[in-house]
Amino acid sequence: MNIKLRPNALRAILFAGLAVFAFGSTFAQTRVSGKVVTSEGEPLAGATVQVKGTTTGAFTDDAGQYSVNAASDAVLVFSYVGYEKLEEAVNGRTTINVTLSESGTTLDEVVVTGYGTQKAKEVTSAISTVKAADFNKGLVNDPTQLIQGKVAGLSIVRNGSDPNGGFTLRLRGLSTLGQNTQPLVIIDGVPNASLNTVDPNDIQSIDVLKDGSAAAIYGTQGSSGVILITTKRGIPGSSTVEYAASVTSDQIARREPVQGAADFVASGGPDYGSDTDWIGEVTRNGVSTVHNLALAGGSGATSYRVALNYRNAAGILINNGFEQLNGRVNVTQKALNNRLTITTNVSATNRDAEFGMTDALRYAVIYNPTAPVLAKDYYPAGDPLLTKYGGYFQAENFDYFNPVAIAEQHENRGTNRTLLASVKGDLEIIDGLTLSGFYSLQRGSSSNGFYSKKQSYYGNGFNRNGYASRRTDNNSNEQFDATLNYAKTFGKVNFDALAGYSFQEFFFDGLGMEGGDFLSDGLTYNSLGGSRDFQEGLGTVFSYQNTYRLISFFGRVRLNIDETYFIMASLRNDGSSRFGANNKRASFPGLSVGVNVANLVDIANVDQLKVRLGYGQTGNLPGESYRSLLLYNRVGNFYYDGNFVPAYGPSFNSNPELQWEVKTDINAGVDFSLFNNKVFGSIDYYTRNTNNLIYNVVVPVPPNQAPNTTANLEDVVLRNSGVEVSVGTKIGNDKVSWEPRVLFSTYKTVLDTTGVEDPTYSFFTSADAEQFDPSTSPGAPGQNNLPTMRVAGGEELGQIWGFKFTGVTETGDYIFEDINQDGTITEDDKTAIGNGLPDFSLGFNNTIKVGKIDFNFFLRGDFGHDLQNNYRTFYESLGSRPADNNVITKYSEQYVVKAAPQFSSLYVEDASFVTLDNASLGYSFSIAKGNTSAKGRVFVSGQNLFTITGYTGADPSIRYADSGNPLFPGINRRGTYFMSRSLSAGLNLTF
């Protein structure tokens with residue numbers, strides 16, 4: 001198979017076959033109406049009433065009433081989440097009233113899997129589903145926040161509360177040492193879809209494929225797990241208008257504890273006569289607003305949902321936030337007597353962001369509290385320092401900057417635009433045999449600009465007489481899939497088979513420039529042509545472009561034997577242009593089986609007891625294109641004929657043997673449902689081994705042309721194992737109920753050695769199989785080139801390394817443990833003093849309903865992880881620079897250190913925590929006037945309302961990586977954005 005084959009002909013032929021004129025027979029219709037109630041006789045609002053075998057349907061109103069057009073011989077299907085599905089034949093009737101029985105959880109609930117769906121009772125892999133009703137409430141600007149803490153084994157973390165900051169996702173630990181550590185995101189069938197293309201309010205459900213048997217159908221893209229997002233759609237026979245609005249106020253939840261002005265002066269700090277709360281000067285109460293408007297419905301063979309979403313978010317840091325407008329159109333059209341279904345989804349997002357200057361928070365912690373904000377409040381008239389730094393007070397010390405000046409003398413903005421469009425055609429050729437074609441296109445562009453004013457002491461502004469940079473990045477992701485699916489029941493066996501082909505092409509390009517020496521600050525980064533650096537050959541310009549393709553064939557077979565035995569087997573063969581000439585293709589199998597023991601053994605009060613076992617392999621790609629080829633980059637300049645000319649040299653060696661990274665999963669699990677589905681849950685144990693790890697290896701020159709080679713590591717394997725438990729129940733009835741749910745998960749990650757002798761490419765360069773990276777050093781001032789993290793073969797990742805602190809001398813010097821007992825403290829006395837990864841995580845969700853009042857609260861915690869508190873490392877000792885404000889904690893009161901700051905176990909803290917992540921209180925109501933009715937809900941909610949922890953810093957959450965490197969978790973750097981507490985009020989209306 002030629003990897004460069006572009007399937008234009010195949011695409012055109014398939015869609016020509018699917019795009020047939022839509023026509024069909026019209027049958028005599030009857031208007032059927034009625035009421036849906038619970039077993040207690042209470043109206044059931046929002047229940048679905050659908051004509052079986054069609055897309056025609058309706059929702060019940062707040063009185064439980066419905067009305068739908070149906071043929072006299074049709075069958076109506078009544079359903080509602082948490083209730084048993086019911087079918088009623090029309091038989092010429094015009095009024096049909098029904099009662100739905102409560103089920104707690106529905107085993108027939110549909111779960112989205114790769115390239116299809118399954119009933120929950122048939123699933124044999126580790127898959128978690130979260131529906132819209134169970135999403136987190138309050139200020140949610142990122143879709144992943146909806147399920148934070150809701151899925152066992154999935155950790156979703158954002159360090160600090162920067163509204164422009166992204167979330168780090170880890171599913172069952174670390175699966176690779178490369179760049180693709182986050183789960184694959186699929187939105188309505190589009191893999192690698194940007195989360196910017198979907199507004200949280202438009203999401204119907206989120207399914208998480210956690211093990212290899214489930215993710216193997218996605219091959220190389222599913223190595224770190226898969227998150228499937230399904231957006232809301234309209235239903236024929238109904239017409240609704242939905243409006244939601246909310247306003248949120250954010251305040252600082254926790255701050256770094258520092259001295260006030262009086263204590264600072266008393267401890268020997270210089271006194272400038274003011275009393276300034278620097279953290280208060282650069283922060284604010286951030287007010288955010290959200291408006292969502294959606295129109296949904298349909299008639300006959302057409303259904304639609306159109307949504308417009310507006311978000312204006314302000315961070316707690318001044319000059320920080322974003323304004324976003326998102327639109328989405330989902331349309332489904334049936335034709336050919338419902339044998340042809342065409343689904344179209346289009347979404348577009350524009351976000352204008354003000355990134356602000358996070359370093360303003362860093363220096364607000366340490367800046368002299370007696371210093372004024374403005375120079376005029378300290379210097380006398382005529383003093384040149386009144387205007388030297390733009391009117392701001394500035395002490396001229398190394399690494400010491402006025403926080404307000406940082407925030408106000410810089411512009412840091414960006415605009416991001418994303419478009420996602422897809423169309424899918426499903427043609428049922430004969431009963432059970434469906435041919436499908438799917439095409440999607442995603443385009444994204446971002447434009448970012450930064451400017452440092454001419455008189456800014458921070459950054460390059462003052463030294464460069466103004467400094468500006470600007471860059472533009474573009475990306476596109478084009479996909480075409482063709483699948484053939486056959487589903488048939490043979491006696492007691494339900495058979496489902498899938499075969500498919502997939503083509504994806506990714507394209508990236510961008511350019512940027514930076515320069516200084518401006519005549520004026522007036523045009524900021526919009527006037528780089530006015531930079532005199534470019535006239536003098538000092539300005540910098542760069543550009544890039546790269547692309548790659550992924551071409552795949554896949555298949556799957558699923559069996560349901562007598563609702564008792566379940567089997568799933570899949571195979572995907574991927575081909576990628578990112579690999580060496582000798583290894584461009586690889587295959588990834590998946591196999592899982594399940595048995596519902598409850599159908600074999602009569603066990604009292606057991607509705608389901610399904611035992612599962614799964615095996616699967618997935619792959620991983622290099623993080624960048626062309627890494628199997630010899631690459632040249634600019635390495636400097638040389639002087640030629642009176643001019644500086646760029647010089648180029650090898651940067652990466654060629655590696656035609658670069659091959660696929662392979663992760664192998666084994667998962668054993670149990671799904672259970674007890675007491676008429678009142679108690680339900682799952683337990684899973686998994687092991688994962690990742691071989692052929694792709695890594696940028698440093699190699700000698702000569703004999704190599706370049707100092708780096710992207711290669712497969714031969715001396716190590718990444719091992720993960722863990723346990724996940726999810727248990728829920730429902731207590732009460734329709735009038736008063738309590739639904740608690742507990743999640744528990746553990747994982748252990750070890751970089752083990754393979755025992756390969758004399759490997760060509762190895763991770764460890766020393767015989768004792770350990771590595772220390774200088775990049776993990778605390779930094780300046782005074783603590784460079786002092787690594788604080790250790791990676792050792794056969795041991796857990798996340799080891800924090802340093803001297804073990806035992807006390808202080810009478811003169812305030814550190815006392816460290818003499819590990820070697822040789823009478824002197826040397827580097828050999830350093831040892832493991834903590835670990836940055838947690839032992840286990842807990843989640844406790846509660847939903848309480850009393851009549852029309854609902855109350856939900858969610859507690860979440862991570863336990864056993866440690867953090868290096870770098871604020872304490874630098875600023876707790878009284879031996880730090882006199883100009884720096886001191887951090888005051890329980891440790892500084894216990895140990896009065898007067899020596900120059902030095903990292904040790906004293907500054908490593910247990911960061912275990914429990915937080916009230918989310919709480920909401922709502923009241924539902926209905927309005928009826930004549931033939932018009934509406935329902936609504938008013939609510940108040942809060943996020944991060946309190947945190948219980950022994951950690952003294954502002955944010956105890958896990959740091960999964962340091963400067964993007966996942967090998968070094970557990971470092972709390974000084975530039976972290978503060979945590980905020982959010983309080984929201986809102987209104988939801990449906991007409």
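1. Buried means under 20% relative accessible area, exposed means over 50%, and partly exposed lies in between (1.4 Å probe, protein chains only). By that rule Asp 517 is buried, because its relative accessible area is 17%. Arg 532 counts as partly exposed at 28% relative accessibility.

2. On conventions: this is a predicted model, in which local features need pLDDT of at least 70 and side-chain atom pairs count only at pLDDT 80 or more, while totals for chains, interfaces and linings use all residues. Residues are numbered from 1 along each chain as its sequence is written, and side-chain values use heavy atoms, with hydrogens and water left out.

3. Asp 517 and Arg 532 form a salt bridge, with their closest N and O atoms 2.9 Å apart. The term stands for a side-chain nitrogen of Lys or Arg within 4 Å of a carboxyl oxygen of Asp or Glu. The pair links distant parts of the chain, 15 residues apart: Asp 517 is in the loop between β25 (493-516) and α8 (532-535), and Arg 532 is in helix α8. Helices (H or I, at least four residues) and strands (E, at least two) are DSSP runs, numbered from the N terminus.

4. The search of the whole structure finds 41 salt bridges. One of them joins the side chains of Glu 724 and Lys 210, at 2.9 Å from N to O. Glu 724 lies in strand β36 (residues 716-729) and Lys 210 in the loop between β15 (203-209) and α2 (212-215), so this pair ties together parts that are 514 residues apart in sequence. Both Glu 724 and Lys 210 are buried.

5. Arg 362 and Asp 399 make another salt bridge, with 3.3 Å between the closest N and O atoms. Arg 362 is in helix α5 and Asp 399 in the loop between α5 and α6, so the contact ties together parts 37 residues apart in sequence. Arg 362 counts as buried because its relative accessibility is 14%; for Asp 399 the value is 11%, which means that Asp 399 counts as buried too. Elsewhere, Lys 610, Arg 612, Asp 671 and Asp 684 are linked in a network of salt bridges.

6. Helix α5 (residues 359-366), which holds Arg 362, is mostly covered, with 7 of its 8 residues buried. The buried residues are Ala 360, Leu 361, Arg 362, Tyr 363, Ala 364, Val 365 and Ile 366. They pack against α4 (278-282), α6 (403-408) and α9 (870-875), where contact means heavy atoms within 4.5 Å.

7. An open sheet of 5 strands follows the order β10-β15-β16-β13-β14, and its pairing is mixed. Its edge strands are β10 (127-131) and β14 (190-191), each of which pairs on one side only. Two strands pair if DSSP finds at least two bridges between them. At the β14 edge, β13 (residues 184-187) and β14 pair in the antiparallel sense over 2 bridges, and Ile 187 stands opposite Val 190 in β14.

8. Strand β2 (residues 48-51) has two antiparallel partners to check. With β3 (residues 57-59), β2 pairs in the antiparallel sense over 3 bridges; with β5 (residues 75-79), β2 runs antiparallel over 4 bridges. Thr 48 appears in both pairings: Thr 48 stands opposite Phe 59 in β3, and the bridge partner of Thr 48 in β5 is Ser 79.

9. Strands β8 (residues 110-113) and β9 (residues 116-119) pair in the antiparallel sense over 4 bridges. They form a hairpin with 2 residues between the strands, and Tyr 115 in the turn has a positive phi of about 55°. Val 112 has Thr 117 in β9 as its bridge partner.

10. A nonpolar surface patch of about 820 Å² is made by Val 241, Leu 293, Leu 295, Val 306, Leu 308, Leu 325, Val 329, Val 331, Val 346, Leu 419 and Phe 991. Patches are made of residues with over 30% relative accessible area and no salt bridge; like charges are joined within 9 Å, and nonpolar side chains (Val, Leu, Ile, Met, Phe, Trp, Tyr) within 5 Å. Accessible areas come from the Shrake-Rupley method with a 1.4 Å probe, and for residues only the protein chains shown count as cover.

11. β18 (286-299), β19 (302-314) and β20 (321-335) each supply at least two residues of this patch. β20 gives the most, with 3 residues. Val 329 is found in strand β20, and Val 329 is partly exposed, with a relative accessible area of 34%.
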